[in-house]
Amino acid sequence: MATALFLDCDTGIDDSLALTYLLAQQDVEIVGVAATAGNVPTDVVVANNLAWLELCRRTEIPVHVGAQNPIASRLRTAEDTHGPHGIGYAELFPASTPPSDLDAAHGWLRAADDHRGELIGLVTGPLTNLALAVRADPELPGKLRRLVIMGGAFG
């Protein structure tokens with residue numbers, strides 16, 4: 001049985017590799033991808049996620065549009081490191097699949113309810129979407145099997 005995983009990311013070079021690696025795993029079922037501003041702005045992250053999923057022929061995985069800005073500070077992106085579109089200087093074809101109508105915080109909540117006690121949350125970008133989801137449902141952490149966070153700092 002595959003492990004249900006919800007990925008919350010700011011798809012730059014590193015998260016692009018993580019996403020494509022996870023897509024290749026037979027024992028992982030990605031049930032949703034949340035996009036958040038970090039390496040690049042949210043709209044670019046959404047476009048990257050949709051393009052990677054389309055390239056990998058996995059358009060059934062919903063991409064949830066997340067927070068445009070952090071909750072308590074100003075947005076600082078890293079195009080100097082990750083390139084103008086977050087994926088170095090690679091160019092992806094624009095996806096024809098639209099993002100989910102459900103925003104990222106509510107994507108977290110739905111995934112946790114649909115896979116209660118089994119879902120692994122993986123956050124490789126800023127924690128804004130997760131924070132908004134916990135604000136909406138403080139019981140969210142208890143609904144997860146595990147939460148994995150790749151912490152970091154800017155500057």
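**Cores, pairs and salt bridges in a predicted model**

The largest nonpolar core has 22 residues, and L5, L7, L19, L22, I30 and V33 have the most contacts inside it. Five elements, β1, α1 (13–23), β2 (28–35), α2 (42–55) and β4, each supply at least two residues of this core. Helix α2 gives the most, with six residues. The structure described here is a predicted model.

L22 shows how the packing looks from a single side chain. Leaving out residues up to four places away in sequence, L22 touches L5, L7, V28, I30 and L122. Of these partners, L5, L7 and I30 are, like L22 itself, among the residues with the most contacts inside the core. There is also a second, separate core of 16 residues, which includes L119, V123, L130 and L144.

Helix α2 can be followed further through two of its polar residues. N48 lies in this helix. N48 counts as buried because its relative accessible area is 6%, and the limit for buried is under 20%. Its contacts, not counting residues up to four places away in sequence, are T11, V40, H85, G86, I87 and L92. E54 is also placed in helix α2. Unlike N48, which is buried, E54 is partly exposed, with a relative accessible area of 25%. When neighbours within four places in sequence are set aside, E54 is in contact with T59, P94, A95, S96 and T97. The C-alpha atoms of E54 and F93 are 9.1 Å apart in space, although the two residues are 39 residues apart in sequence.

The next feature is aromatic. How many aromatic pairs does the structure hold? It holds one. The partners are F6 and W108, and their arrangement is tilted, with 4.8 Å centre to centre and 50° between the planes. The angle is called tilted because planes under 30 degrees apart count as stacked and those over 60 as edge-to-face, with the rest as tilted. F6 lies in strand β1 (residues 3–9) and W108 in helix α4 (residues 104–114), so the pair ties together parts that are 102 residues apart in sequence. F6 is buried, with a relative accessible area of 0%. W108 is buried as well, also with a relative accessible area of 0%.

Helix α4 leads on to the charged residues. A search of the whole structure finds four salt bridges. In one of them, R116 pairs with D113, and the closest N and O atoms are 3.1 Å apart. R116 is exposed, with a relative accessible area of 52%, while D113 counts as partly exposed at 38% relative accessibility. D113 forms a further salt bridge with K143, where the closest N and O atoms are 2.9 Å apart. This pair links distant parts of the chain, with D113 in helix α4 and K143 in helix α6 (residues 140–143), 30 residues apart.

K143 has another acidic partner. Its salt bridge with D137 has its closest N and O atoms 2.6 Å apart. Are the two ends of this bridge buried or exposed? K143 counts as buried at 10% relative accessibility, and D137 is buried too, with a relative accessible area of 16%. Through shared partners, the salt bridges join D113, R116, D137 and K143 into one network. The network therefore includes exposed R116, partly exposed D113 and buried K143.

The last stop is on the surface. Here L127, L147 and I149 form a nonpolar patch, with about 230 Å² of accessible area together. L127 lies in the loop between β4 (120–123) and α5 (128–136). L127 counts as partly exposed, at 39% relative accessibility. Strand β4, on one side of this loop, is one of the elements that supply at least two residues of the largest core.

Methods:
Residues numbered from 1 in each chain as written. Predicted model: local features only at pLDDT ≥ 70, side-chain atom pairs only at ≥ 80, totals over all residues. Heavy atoms only, no water. Phe/Tyr/Trp six-rings, centres within 6.5 Å; stacked < 30°, edge-to-face > 60°. Helix = DSSP H or I, 4+ residues; strand = E, 2+ residues; numbered from the N terminus. Buried < 20%, exposed > 50% of the residue type's maximum accessible area, 1.4 Å probe, protein only. Patch = residues over 30% accessible without salt bridge, like charges linked within 9 Å, V, L, I, M, F, W, Y side chains within 5 Å. Areas by Shrake-Rupley, 256 points an atom, 1.4 Å probe, with all protein chains shown as cover. Salt bridge = Lys/Arg side-chain N within 4 Å of Asp/Glu carboxyl O. Core = buried A, V, L, I, M, F, W, Y, C linked by side-chain atoms within 4.5 Å. Contact = heavy atoms within 4.5 Å.
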